[in-house]
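Me: I would be grateful for a close look at a single part of this structure, the place where two neighbouring elements meet. Please explain each term as it arises, and then place that part in its wider setting.

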Amino acid sequence: MTFSVVQLLGGLSYATTLFLMAAGLTLIFGVTRIVNFAHGSFFMLGALFTAHWVTNWFPAWGESGLLYLIAIFLGAACAGLAGAIAEYLLLRRMSDAPELYQLVATFGLTLAMHDAMQWGFGPDEVFAPRFPGLKGSVQIGDEFFPVYQLAMIALGPLVWLGLHLLLRRSLFGQRLRAATQDRSILAALGVNPKPLMLGAVVLGCALAGLGGALQLPREPAHLQMDMNVIVETFVVVVTGGLGSIGGAFVAALLIGLVHAFGTAAFPQATLVVVFLTMAVVLVFRPQGLKGSSPEQGGHREAAQKFRGLRLGRAWTSVIALAFVLLAGLAWSGGAYWQALAADALILMIFGISLQSMMALGGLVSFGHAAFFALGAYGAALSHSLWGATLPVALATGCGAALAVAGVFGAAVVRSSGVYLAMLSLALAQVVWAGAAQWVSLTGGDNGLIGLALVTDDGRPVFYALLVALALISVFALRFLSQSVMGAALQAVRDAPLRAAASGLSVGWLKYRVFVESAVLAGLAGGLFAAHKGAVFPSLAAVATSVDALLVVLLGGVHQLWGAVVGSLVLTYLGAELGREVTYWRGLLGVFIMLIMVASPSGLLGLLSRLAGWRQRAIAGSR
């Protein structure tokens, strides 16, 4: 009994942190319609600023409750100021873009802020002192519970009440609520929406910074706080329903309690339990607990043509020949360029697998790494357990991805947009946890190493196979987009209700492209296992899914050769910047933001726009 009470209190305390984060994220989404992936960075900024303030810059402040509290508010204010700068430079320019482009642009902001904080605060952890006056514990039966966490439990409802009063009783709050309903009509009534957007972002980021600063007495401030917290924050926001503060409050309580009791019951699989909770909610209620229907929220991407299909056979052959020549040039460059080219080719196949379901079916996955990892582990296990050769191992990896996608796809196709992206992320987290926890089969965090699917003598043939599979993937995508099924998929993507009324089987079409995409991702994972000779649980991590998204969006979702260009640019930039520049992730983040702002249609789309501007300039000069 005592144990349950302590777990309950721990869950409520953790729910306060989740609510502060989720409320800020919800507020920003409600007014700006932007899904801010960088929200965890503002959480980390508030924590690092306050930690350095009370330890390194003004240590005396850590010994006074009042001054410590002021330092916490200064951390929140610092996060709010950074949010204002981000809103002016980036978010304002992305407000009318589809949600997916916003996600990627704010991911670039995450990379930039991470390296900026590493430069400013240094890489070391900072252990802040405990909050004066709240250092003790209270005894509950045979257990002890920290007084500070009791104070945190009381803070959650107070913040919810404050937000409720702000939104319901103040003019600013009433305009914020009106902006969440229809920003264009509010502007037509003479209210400038820009200050409202700025105010929502500043308030939301300040709440995130406050949440980070309040964490200090419980954990040190460090440079991994952003990714640790953002995933669970998205879980709370999506479970509660995008744009609903009340939904965020209820979901924070639910996830906080699941986290607390899950830690006690399944200490190695807490995150899996949390994601399973979200998945169960979304399966039965795709819009979240208190969210609106997915079709009513967010910006639907305008109907897009798939470009690059009208090239004749001559031009297509020239491009394919240039592709093969570049691959041959990379092979002749030595071991470094061979490894780099192989990485790019595998990433290319992985990117094309995601591009096929995004461009044709409009299905966005934030957990596509699940199938990549299943393919890699399927190939690796079949080789290490049964001595399978490369073709059999690749087929086993594809089979593993097919089996899971066949079951999971039935639930996924009922969702759309951010909800579908988060549901796929939940599957990836389950696969990641399974790979990390099933040590006897997968080797746990040590992974499976020493695979000999490709020998040194067979390396040239394997490299030629990669080139051939990459080209086949491109032409398969071209064939699919020109087929009857491709046309039906694009009709479902652009006007699902009209497509259903026309007799198209919307669910089956989405299910089919999802499964086919998963199998291709499994093939890429199997090729990765053969190329590297090792697999690790990190293959199913968020970073792998983000790599696939970056490949597609950098090159251009609706460009036939988009994934090809995106994978080449991302692989080369990552390798070269990593060798030459200390803060290369920040530079890559700035590059991503510039591309998303200047040309949401990717690098190939930017080239098309530049060509159009040049033609108009020439015509104007005549």
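Reply: The part chosen here is the pairing of helix H12 (residues 313-332) with helix H13 (residues 335-360), whose axes come within 7 Å and cross at roughly 145°. Axes are lines fitted to C-alpha atoms, for helices over the stretch in contact, and angles run from 0 to 180 degrees between N-to-C directions. Helices (H or I, at least four residues) and strands (E, at least two) are DSSP runs, numbered from the N terminus. This is a predicted model, in which local features need pLDDT of at least 70 and side-chain atom pairs count only at pLDDT 80 or more, while totals for chains, interfaces and linings use all residues. Residues are numbered from 1 along each chain as its sequence is written, and side-chain values use heavy atoms, with hydrogens and water left out.

From H12, the residues Phe323, Ala330 and Trp331 meet Trp337, Gln338, Ala341, Leu345 and Met348 of H13; contact means heavy atoms within 4.5 Å. The residues of this contact comprise seven nonpolar, one polar and no charged. In this scheme Ala, Val, Leu, Ile, Met, Phe, Trp, Tyr, Cys and Pro count as nonpolar, Asp, Glu, Lys and Arg as charged, and the others, Gly among them, as polar.

The wider setting is the protein chain, which holds 25 helices and four strands. Its radius of gyration, taken over C-alpha atoms, is 25 Å, close to the 25 Å that the globule rule (2.2 Å times the number of residues to the power 0.38) gives for 622 residues, so the chain is as compact as a globular protein of that length. Along the principal axes, the C-alpha atoms fill a box of roughly 75 × 65 × 50 Å. Of the 622 residues, 55% count as buried, that is, under 20% relative accessible area, with exposed meaning over 50% and partly exposed in between (1.4 Å probe, protein chains only). Among contacts with a separation of 6 or more, 79% join residues 24 or more positions apart.

Aromatic rings give a further view, with 21 aromatic pairs in the whole structure. Rings of Phe, Tyr and Trp (its six-membered ring) pair if their centres lie within 6.5 Å; planes under 30 degrees apart count as stacked, over 60 as edge-to-face and the rest as tilted. The rings of Trp160 and Phe249 have centres 5.7 Å apart and planes at 35°, so this pair is tilted. The pair links distant parts of the chain, 89 residues apart: Trp160 lies in helix H5 (residues 147-169) and Phe249 in helix H10 (residues 245-265).
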